[in-house]
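Dear colleague,

I am passing on the structure we spoke about, and below it you will find my notes on what turned up when I went through it. Please read them with the model open beside you.

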Amino acid sequence: MKKYITDEKNGLDYTLVNGVYLPNLISTEKHYEIGMWGLRYYDYIKEHRPAFCTSLIVQCKLNTHLLEVDVRAKEMYDRLVKQLKEQQGITEQLKADNMMAWVQAVNNVTNQAREIVYNEVIYAR
């Protein structure tokens, strides 16, 4: 058996590995650095939506899709933290007057924003 063959019908090249011809697939997708939200989304779809995840990999769209989710989630998180701080009156003056109260309030706001992003972006797809 030949080590390398080309299928004339589809134009794909194949390599013989352990008695089976495997296609020589090359990803055409650009590589992007994925942040925290994109990685969490990847973990979610890998575990709970494996067919969708595999489809993205085969179509060479996984990295691009993760980047889109990451950017959208980060923008939403930052916007929510800012809005919640304004709504709850968390200011630099509070930080100067009572550091512990400020830390507690900011932790509450970031936790709220994180949960909203998880439910609206990460788990909602």
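Leu16 has Tyr21, in strand 3, as its bridge partner, and I begin with this pair, bearing in mind that the model is a predicted one. The pair belongs to a wider pairing, in which strand 2 (residues 13-17) and strand 3 (residues 20-23) run antiparallel and are joined by 4 bridges. The two strands form a hairpin with 2 residues between them, and in this hairpin Asn18 takes a positive phi near 50°.

Thr15 also lies in strand 2, and you may wish to look at its surroundings while you have the hairpin in view. Is Thr15 buried or exposed? Its relative accessibility is 14%, and because residues under 20% are classed as buried, Thr15 counts as buried. When its neighbours within four places in sequence are left aside, Thr15 is in contact with Lys3 and Tyr4, and also with Val20, Tyr21, Leu22 and Asn24. Tyr21, the bridge partner of Leu16, is thus also one of the residues that Thr15 contacts.

Turning to the helices, I looked at how helix 1 (residues 36-48) meets helix 2 (residues 50-58), and found that their axes come within 5 Å and cross at roughly 115°. On the side of helix 1 the residues involved are Tyr41, Tyr42, Ile45, Lys46, Glu47 and His48, while helix 2 contributes Pro50, Phe52, Cys53 and Leu56. Sorted by class, this contact holds 7 nonpolar residues, 1 polar residue and 2 charged ones.

As for the chain as a whole, it has 5 helices and 3 strands, and from the N terminus on the elements follow the order β-β-β-α-α-α-α-α. The chain is more spread out than a compact globule, because its radius of gyration is 23 Å, well over the 14 Å that the globule rule gives for 125 residues. Along the principal axes, the C-alpha atoms fill a box of roughly 80 × 25 × 25 Å.

Of the 125 residues in the chain, 28% are buried. The accessible surface comes to about 9,000 Å², and carbon and sulfur atoms account for 54% of that surface. Finally, if one takes the contacts between residues at least 6 apart in sequence, 57% of them join residues at least 24 apart.

With best regards

Conventions
Residues numbered from 1 in each chain as written. Predicted model: local features only at pLDDT ≥ 70, side-chain atom pairs only at ≥ 80, totals over all residues. Heavy atoms only, no water. Axes fitted to C-alpha atoms, helices over the stretch in contact; angles between N-to-C directions. Contact = heavy atoms within 4.5 Å. Nonpolar A, V, L, I, M, F, W, Y, C, P; charged D, E, K, R; others polar. Pairing = 2+ DSSP bridges. Rg over C-alpha atoms; globule rule 2.2 N^0.38 Å. Buried < 20%, exposed > 50% of the residue type's maximum accessible area, 1.4 Å probe, protein only. Areas by Shrake-Rupley, 256 points an atom, 1.4 Å probe, with all protein chains shown as cover.
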